[in-house]
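The following exercises practise the reading of a protein fold from its sequence and its coordinates. Please attempt each task before consulting its solution.

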Amino acid sequence: MNQKEPGFWVLEYVTITKDARTGLVIAIGGTEKAADILQRTGGFLSAPGPRGDYHRLPHGLPIEQQRLKATTASHALLAAGHSVHLDPALNMLAIPDGEREAALRYLARLTEQVAAAETSSQVAEVLTEVAAPVHGLLPLTREVIVRAWITASDLQGARPGEEPEPIARLGGTADSLSEAARVILHARNHAARAPQPPTTAPAPGRIQPPVSRRR
């Protein structure tokens, strides 16, 4: 006996994800009602595609805004009875691997911040986050490498200076990170001291010549 496949309304399924090639947050599928919800609650825009219209968030949105709008739209769709798949990377309420996701978002925010910088001092602020002596990204990464070098050597029973080459090179990598942090801090200091671009003053209004009085 052949079983008949159940019927599904495929258009009622909505997928909200981030396109790896363009970096855009897109929504595919859904009815006109779903499109209305995407536009009203998430700020999605309708765009023509090779297989019909789809929706996307505007260009240039910060990552946090992308996640907020995608999560808000997905919950509004679910509340209206639509079936939705939301990319876990866009789900603001997702808990698994939260620390790693937070670290990735932090790095992405620094990238966006320095890309949008309009003054040298703003560039210096980002470089400080990267190479600050105590809490900078590079010094903290160096600490991880040093701890890994020591622990790996201890686990293999190697004496200082007698570690296998791959383990021994971790020490050199830690030194390289220290040097990289020093170079970045030097550049940071130079950027912080650089003269800032002058603020463009508004063009003065046209001055009317004085009106001569007849005597």
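Three exercises on this predicted model follow, each with a worked solution.

**Exercise 1. State how many helices and strands the protein chain has, and in what order they run.**

Step 1. The protein chain has six helices and five strands.

Step 2. Read from the N terminus, the elements follow the pattern β-β-α-β-β-α-β-α-α-α-α.

Step 3. Burial is considered next: of the 215 residues in the protein chain, 23% are buried, where buried means under 20% relative accessible area.

Step 4. The exposed surface of the protein chain is about 15,900 Å², and carbon and sulfur atoms supply 58% of it.

**Exercise 2. Determine the order of the strands in the sheet, and explain why one side of E3 and of E5 is without a neighbour.**

Step 1. The five strands form an open sheet with mixed pairing, in the order E3-E4-E2-E1-E5.

Step 2. Strand E3 (45-47) and strand E5 (83-86) stand at the edges. Each has a single partner strand, so one side of each lacks a neighbour in the sheet.

Step 3. From one strand to the next, the twist averages 25°.

Step 4. One pair may be examined in detail: E2 and E4 are antiparallel and are joined over two bridges. Within this pairing, Ile26 lies opposite Arg56 in E4.

Step 5. Two helices pack on the sheet. H1 touches E1, E2, E3 and E4, and its direction makes about 10° with that of E4. H2 touches E1, E2 and E5, and its direction makes about 170° with that of E1.

**Exercise 3. Identify the buried residues of helix H1 (residues 32-42), and explain why they lie on the same side of H1.**

Step 1. The buried residues of H1 are Ala34, Ala35, Ile37, Leu38 and Gly42.

Step 2. These residues lie on the same side of H1 because they cover an arc of only 160° around the axis.

Step 3. A general rule helps in reading such a pattern: an α-helix has 3.6 residues a turn, so residues three or four places apart point the same way.

Step 4. The partners of the buried residues are strand E1 (13-18), strand E2 (25-28), strand E4 (54-56) and helix H2 (63-79), against which they pack.

Step 5. On the face of H1 turned away from the buried side are the exposed residues Glu32 and Arg40.

Step 6. After H1 comes Gly43, which has a positive phi, near 70°.

Methods: Residues numbered from 1 in each chain as written. Predicted model: local features only at pLDDT ≥ 70, side-chain atom pairs only at ≥ 80, totals over all residues. Heavy atoms only, no water. Buried < 20%, exposed > 50% of the residue type's maximum accessible area, 1.4 Å probe, protein only. Helix = DSSP H or I, 4+ residues; strand = E, 2+ residues; numbered from the N terminus. Arc of directions from axis to C-beta. Contact = heavy atoms within 4.5 Å. Pairing = 2+ DSSP bridges. Axes fitted to C-alpha atoms, helices over the stretch in contact; angles between N-to-C directions. Areas by Shrake-Rupley, 256 points an atom, 1.4 Å probe, with all protein chains shown as cover.
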